[in-house]
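Reader: Could you take me through a model that I have in front of me, showing how each feature is to be read before you turn to the case itself?

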Amino acid sequence: MNPYWGAGFFEFFAIFFSRIGQFMLGQFSALSADEVQVGVLSCVAISCGVVGPFLVLKKMAMFANSLSHTILLGIVSSYLLASFLWGGGMFDLSTLLMGAAVAAFLTAIFTEGFVRFLRLQEEASVGLVFTSLFALGIVLVTLYTRNVHLGVEAVMGNVDALCFSDFRVAAWLAAFNALLIALFYRPFQIVSFDSNFAKTLGISCGFFHSLLLFLAATVCIGAFRSVGVLLVLAFLVGPYLTARLFSSRLSRLLLLSPLLGILASLIGVALSRHLLSVYDLPLSTGGIVVMVIGLFYVMALFGKLCMCHRWEKFHA
Amino acid sequence: MSFLDFFTDPVLRGPTWGTLLMCISSSLMGVVLFFKKRILLGESLSHATYPGVVAGVSFFAFFFPAHEEWTFVAVLGGAFISSLLGLKAIEWMEQKGKVRSDAALCFVLAVFFGIGTVGASAMQLAIPVWYQQVQILLFGQAATMSDSHIILYAVLSSAVVLFITCSFRPLQALLFDRDFAKSAGIPVLFLEKMVFWLLLFSIVLGIRSVGVVLMSGMVIAPVIAARQFTHQLRMVFFLSACFGALSGLLGNILSVIGSSYFSFQETLTLPTGPMIILVSASFALFSLLFAPHRGWIFRLSRMVFFRLRCLQENILKALWRNGSLSFLDLRKAHAISSFSFRLALFGLSQEGWIEKKGGLFSLTKDGIQKAESVVRLHRLWELYLARALGFEGDRIHRNAEEMEHILTPELERQLTVLLANPTADPHNQPIPQKERGL
């Protein structure tokens, strides 16, 4: 029985925090679906919150968008390959992840290669690579599953059908990303702000660039199954942009953006539950979280503009 | 089903003409975006249409449930409004929020698509039949287009074509030098506004046949292909429209034929969008690789031939200096693979410049002349550097080592006149005369 059944927006928080209190006091009870959602989303928020700032700083936000599209091709082709080789019997999650990783790698290679060897504009190269690979993925999905909507599911994920194993994967991923960023905080900072300075210090820009790509790919892949790549994009960019309005210190940004992401996922899940219990509307929780992230940014921007305005008036 | 049927058959002609017209307008607008270096704007704007599509279809479902054939008007209207909002949001973020353009694009894309997802999930239970219509628009389904679509599409894409032909000159000025255009009295702001309105039009038109998710590909790929073949803006526009039209046509035909080919057990409709994108992306890839002058293969082969010629000329010089040399002696001076070395030697003997006698290579009469001309260029350049530009020492030799391969007969003539037909270089080596041996 889900303890959140029929709960409104504020009741949700009351139940949520009382259950956390119970958990602290040692009264364990099975995680409910809503808590798993909050958990997974928070973990995704953490992984994205630490990787996102660097992606935006290095102007790779649209590349993350590209990755999020091409992963579909990797997953479909690994699925086809696995079912062709082993008749689908040996097919499991790790095959999918390998396929996604290969696709992410190929995307990076193609995008860079088109710019370097074929002398294409960088933006055009990003656009050409991901649209064509994604189109290929969609055609394969349609041919194989006879259903084009698997592609839709891939893009948007399904937050409403998460299970505990997803939580475990997301938690591992969050820990991994946070650890790597914490370990290489300095070099990442130097590389993303001043690559020439990094060169004089003997820091390999290429290595950290690829490491960042790798982290972005793992975030996309890890979140693909649980929450969908769209949500990942929002989590990568949104909290960072919001936090950026209030702080310009990278260390603070790296703390603030995961926190904002976690807050957004809490509010999003509560809102989704509220709509379900009060209006009987089962909406896509992932989409609601994205909307909340967008709302955060708009509110923060308005708040800041008003504050600046008042500040100017005060001094005038 | 013959090829002409696609244009005349009452069922087939709708999708064919619709896709064709839509692809022309989006690939024309792609050219503008490409030269403004904002090509990914198309990606964000096409995703931003999604909430509008959802809202438009739901609006129609609630108020005019009986007139299903007119849904596309609501779809177009909703998509237009929401992508306009997306555009405004991007501009606003970039100007007011001081956000970098790629982050703004990515953020707007994600948030708008998120809003659309929420709306679609609300539709899924409330009005499932109409929900299917929205889902089709994600990846495009040209098959159900009718003649009324064609008329609308024709009007809108001829507006795009008309705008570009009428305002070609000012547009050109705007694309390449905005400040110049402004100072020349061109209404820059008005033109930019028009460009964005037409861009929105063409994207909104496109979502029917290419789909919300892939629409940006149709903006990007044709102009990439067109840019490879020409550097005249007029021709880029023209070629881009051609590539766009061709890929729209082929993609549509492939999707029709493919659908009937693969539907052996159950009906399967290949979505039109991905097919069109695949066709246009392969055009782009092909032109990136094989286009004359700018294509990769062309540039690569030019480089390889130049390197080979340099190597050959260096071999000739070495033989000219040393009389005859064995293969190993020749090879010692050049750090290059054995294969290309043999290739260079083979080329030289084919030209009749060198001959091999008892394991030793030596120059023929023609070869001597050729080698002397290379040496002459080298020493002329050395003299020019020393006398006219005041270079000294070792630098002139190294520079001349490169220039001897690049100097053309025309330049040689000019140098000869400039230096008053010299006979010795700065190192007091004789400069071989041009007409010797004739």
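Author: We will go from the contact between two chains to a pair of helices and then to the domains. This is a predicted model, in which local features need pLDDT of at least 70 and side-chain atom pairs count only at pLDDT 80 or more, whereas totals for chains, interfaces and linings use all residues. Residues are numbered from 1 along each chain as its sequence is written, while chains are lettered from A and ligands numbered from 1 in the order in which they are written.

Reader: How many residues of chain A are in contact with chain B?

Author: Two residues are in contact if their C-beta atoms, placed from the backbone, lie within 7 Å. Here 49 residues of chain A are in contact with 48 residues of chain B. On the side of chain A, the elements giving two or more residues include α3 (61-86), α5 (122-145) and α13 (285-315), helices being DSSP runs of H or I of at least four residues, numbered from the N terminus. The largest share, 14 residues, comes from α5(A).

Reader: At what angle do the axes of α7 and α10 of chain B cross?

Author: Axes are lines fitted to C-alpha atoms over the stretch in contact, with angles from 0 to 180 degrees between N-to-C directions. The axes of α7(B) (147-166) and α10(B) (188-209) come within 10 Å and cross at roughly 150 degrees. Among the residues that meet are Y153(B) and F163(B) in α7(B) and M194(B) and L205(B) in α10(B).

Reader: Which domains does chain B have?

Author: Bounds come from an automatic or database domain assignment, which gives domain 1 (5-294) and domain 2 (298-363). Their centres, taken over C-alpha atoms, are separated by 55 Å.
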